[in-house]
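Here is a short walk through one structure, with the sequence and the 3D view side by side. Please keep both in sight while reading.

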Amino acid sequence: MRVAFRVNGSPRAGLGHVMRCRNLAADLRERGADVTFLAEDPTGNVGTLLKGEGYQFVPLPSDADEPTDAANVTHALASGGNTVVLDH
């Protein structure tokens, strides 16, 4: 199973979305899932945290409106993924 998490994590949004999904991702990874996180990352902290724990990370532009964000996520997932978790 391939699972993609679209989360928010920034000084403005905080890291609650990331931390909550990170717990679910850890459980899914223990069950054999391939996990990727997609997030805005203006400070680089989110990517550093997640990559440090062995997750794939795809940074998204922080200035996108909702339709553009959805298109960016769809494009990032084009390589595969059969489940998307949104915490946005």
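A convenient place to begin is Gly54, which comes just after helix α2 and takes a positive phi of about 90 degrees. The model that shows this is a predicted one.

Stepping back from Gly54 leads into α2 itself, which covers residues 45–52 and includes Asn45. Three residues of this helix, Val46, Gly47 and Leu50, are buried. Viewed down the axis of α2, the buried residues fall within an arc of 95 degrees, so they line one face of the helix. What they pack against is α1 (16–30), β2 (34–40) and β3 (56–60). On the face turned away from this buried side, α2 carries the exposed residues Asn45, Thr48 and Gly52.

Asn45 deserves a separate look. Its relative accessible area is 51%, and because exposed means over 50%, Asn45 counts as exposed. The side chain of Asn45 is joined to that of Thr43 by a polar contact of 3.2 Å. Leu15 is 30 residues from Asn45 in sequence, yet the two C-alpha atoms are 9.7 Å apart in space.

The strands come next. Strands of a sheet pair through backbone hydrogen bonds, either parallel or antiparallel. In this model, four strands form an open sheet in the order β3-β2-β1-β4, and the pairing is parallel. The edges are taken by β3 and β4 (83–87); each has a single partner strand, so one side of each is left without a neighbour in the sheet. From one strand to the next, the twist averages 20 degrees. Between β2 and β3, which run parallel, there are five bridges. Ala39 has Pro59 in β3 as its bridge partner.

Two further helices lie on these strands. Helix α1 packs on the sheet and touches β1 (2–7), β2 and β4, with its direction at about 175 degrees to that of β1. Helix α3 lies across β1, β2 and β3, and runs at about 150 degrees to β3.

Within α3, which spans residues 66–76, one residue to find is Asp69. Is Asp69 buried or exposed? Its relative accessible area is 8%, and because buried means under 20%, Asp69 counts as buried. The side chain of Asp69 makes a polar contact of 2.8 Å with the side chain of Arg6.

Key:
Residues are numbered from 1 along each chain as its sequence is written. This is a predicted model: local features need pLDDT of at least 70, side-chain atom pairs count only at pLDDT 80 or more; totals for chains, interfaces and linings use all residues. Side-chain values use heavy atoms; hydrogens and water are left out. Helices (H or I, at least four residues) and strands (E, at least two) are DSSP runs, numbered from the N terminus. Buried means under 20% relative accessible area, exposed over 50%, partly exposed in between (1.4 Å probe, protein chains only). A polar contact is a pair of N or O atoms within 3.5 Å; within protein, one must be able to donate a hydrogen and the other to accept it, and residues adjacent in sequence count only if both atoms are side-chain atoms. The arc is that of the directions from the helix axis to the C-beta atoms. Contact means heavy atoms within 4.5 Å. Two strands pair if DSSP finds at least two bridges between them. Axes are lines fitted to C-alpha atoms, for helices over the stretch in contact, and angles run from 0 to 180 degrees between N-to-C directions.
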